[in-house]
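Here is a short, friendly tour to read alongside the model. Take a look at the overall fold, and then we can go through it together.

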Amino acid sequence: MSRRRFFVYWVGFAVIVALLAVAPLVLPEFWRRFLTEILIWGLLAMSSDILIGYTGMVSFGHSAFFGLGMYGAAAALLGSSPPNLWLALLYGLASAAAVAAFVAYFSTRLRDIYFAITTLIFSQIFYVVIFTSTAWTGGENGLNFSRPRFAIPYLFSLRFTPAVLHWFVLAIVALSYLLLRRITHSPFGMVLQSIRENEARTRAIGYAVERYKIVAVMLSGVFAGLAGVLYALQNQFAAPDFVFFVVSGEVVIYNVVGGIGTLVGPVVGAAFFLLLREAFSRFFTEFYLIPLGVIFIAIVIFMPRGLLGFARRWLNG
Amino acid sequence: MAVDAPRAASPGEAAPGHAAEPLLRTRGLTIRFGGLTALNNVDFSVAREEIRAVIGPNGAGKSTFFNCLTGVLRPTSGAILFGGADITGLPPDKISQRGIARSYQITNILPNATTLENVRIAAQSRRHSWSLLSHYRAYRDIIEKSEAALDSVGLLPKAYELAANLSHGEQRTLEIAIALATEPLLLCLDEPTAGMSAAETQQTMMLVRSIAKHLTILIVEHDMQVVMELAQRVTVFHYGAVLAEGSPAEIQQNKSVMDVYLKA
Ligand SMILES: Nc1ncnc2c1ncn2[C@@H]1O[C@H](COP(=O)(O)OP(=O)(O)O)[C@@H](O)[C@H]1O
Ligand SMILES: [Mg+2]
């Protein structure tokens, strides 16, 4: 990156984070909450971009990782008293990682649509398991729990007010973005992109492609699980609906709408999609999916690189 | 794996791993695609630091032979020994790590990456490839190695161009640079001059000769003039079997080889 672009990039990043940080002080409660959720869905979409955009593997099973993060956090919050934030993170990430390792091991042997279908099937299996294990998961009703405090022993202990929660989510999403961005520029990240470009060639120059794919799925799954933990903290419940494949489909849509292989694009896609859905469901009531679908198709046809790719080309003249 | 033991035991031979030990050897290599026997009981060996030409009419099985050597295809029967070790059935990445590299008859690169990145990713396969938290540009050693590989094939001025935008001849040359960046012991070039102009072919031949100093090379090439100039020995494939093998002069005189080429 040239000096100038480097500068523009970091100023842009700082301005956007600053605006997002100020938002809860000026927005009414409904929109504050809406913005926090956009960040969480954005993180989920970003995690899936590691596979879709960087490795060339379309996952239709991200709801499983998201859901396991959510239920892992729920288990920790219900099992500890007082509920402990760090334990929730630990349980959530560990459950998501375990499930991701399991899914990765089996699904990465398959390619293209077969990979996508395998991830879909696995996520539906987890959905059924969660739905039917009523004693552990509350089944259909899900689990309700209270929020932990945001505390580091001997240092501070804060109540998770809506604003504090928003800042916490913003900090985690921003740090996750920086970390994922670094990973996509690492030697490992370059191998993933080489696999996307030409898998057979990548193998021929000495890479054990399956191992890289397994790590990519696990990495993606852990960040999806992190989004699940944040969602649990925000809403204080875990429900099987979030493990259902429709959630995975929406994540793929956020990626396509925003622009794959950019990390930021999927967040933009999530924001765009959720805002439109909110607006359309007010105007068109239960028919909101019709205009939403039309816009989605228009984007796919006229902006094949997604909103971000389109904006970038437009800005560059 | 009893690596070199049997060879070392034979009289009049030097220690194991000596140059007299062939770098690559196949025994009874056979592969069938349904009813078609694409390779039929091929016994082949090539000495260290030799340039060997592999010739034969279209469909003779030359590319299939390379595909077996590099693990893309698994032979139906027979064995492949490399440096004395059995590598039959290993996947392509393991074979690459052991030191066999190849270029492809049909250009096979990363079209949407730069020329440098095509070579850099190959160089990186030996070192640092599991690093997740450093920027790839932080590994100067890899970049310098890649630039050296590009320089040696004359592509350094095009380092930052997209590989897709290179000319056909340049892409063919990039194939060789990618293979070189993995620091192989054996380089298999499958028709590296396919589709090249006469001038480009000449340049490529000079390139092959210059990189051959510490390398063993198998090269599939149709231009007999080029083969005669370049190779120490020539192996002729026909219908998946070795029809003849010898010095370029011997092959040119060989009756059955002449028959095959006159028929074709
Ligand atoms: N993967 C494959 N499946 C079926 N047949 C194949 C395959 N690869 C090669 N062949 C057949 O094997 C024969 C040898 O092909 P090839 O090795 O490409 O010849 P050459 O490189 O000498 O021109 C041809 O008849 C070809 O059609
Ligand atoms: Mg061929």
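How many residues of domain 1 of chain B are in contact with residues of domain 2 of chain B? Please keep in mind that this is a predicted model. In chain B, 10 residues of domain 1 touch 9 residues of domain 2.

Those two domains come from a domain assignment, which gives domain 1 of chain B as 20–99 + 186–194 + 215–264 and domain 2 of chain B as 104–183. Taken over C-alpha atoms, the centres of domain 1 of chain B and domain 2 of chain B are separated by 26 Å.

Let us turn to chain A. Its secondary structure consists of 14 helices and 4 strands. The radius of gyration of chain A is 19 Å, which agrees with the value near 20 Å for a compact globule because chain A has 317 residues. Contacts in chain A point to long range in sequence: among those with a separation of 6 or more, 75% join residues 24 or more positions apart.

Some overall values for chain A are gathered here.

| Property of chain A | Value |
|---|---|
| Span of the C-alpha trace along the principal axes | about 55 × 50 × 45 Å |
| Buried share of the 317 residues | 52% |
| Exposed area | about 14900 Å² |
| Part of the exposed area from carbon and sulfur atoms | 70% |

Finally, what about the charges? Chain A carries 22 positive and 12 negative charges, and the mean positions of these two sets lie 13 Å apart.

Technical notes
Residues numbered from 1 in each chain as written. Chains lettered and ligands numbered in written order. Predicted model: local features only at pLDDT ≥ 70, side-chain atom pairs only at ≥ 80, totals over all residues. Heavy atoms only, no water. Helix = DSSP H or I, 4+ residues; strand = E, 2+ residues; numbered from the N terminus. Rg over C-alpha atoms; globule rule 2.2 N^0.38 Å. Buried < 20%, exposed > 50% of the residue type's maximum accessible area, 1.4 Å probe, protein only. Contact = heavy atoms within 4.5 Å. Areas by Shrake-Rupley, 256 points an atom, 1.4 Å probe, with all protein chains shown as cover. Lys, Arg positive; Asp, Glu negative; His and termini not counted. Charge placed at Lys NZ, Arg CZ, Asp CG, Glu CD. Domains from an automatic or database assignment.
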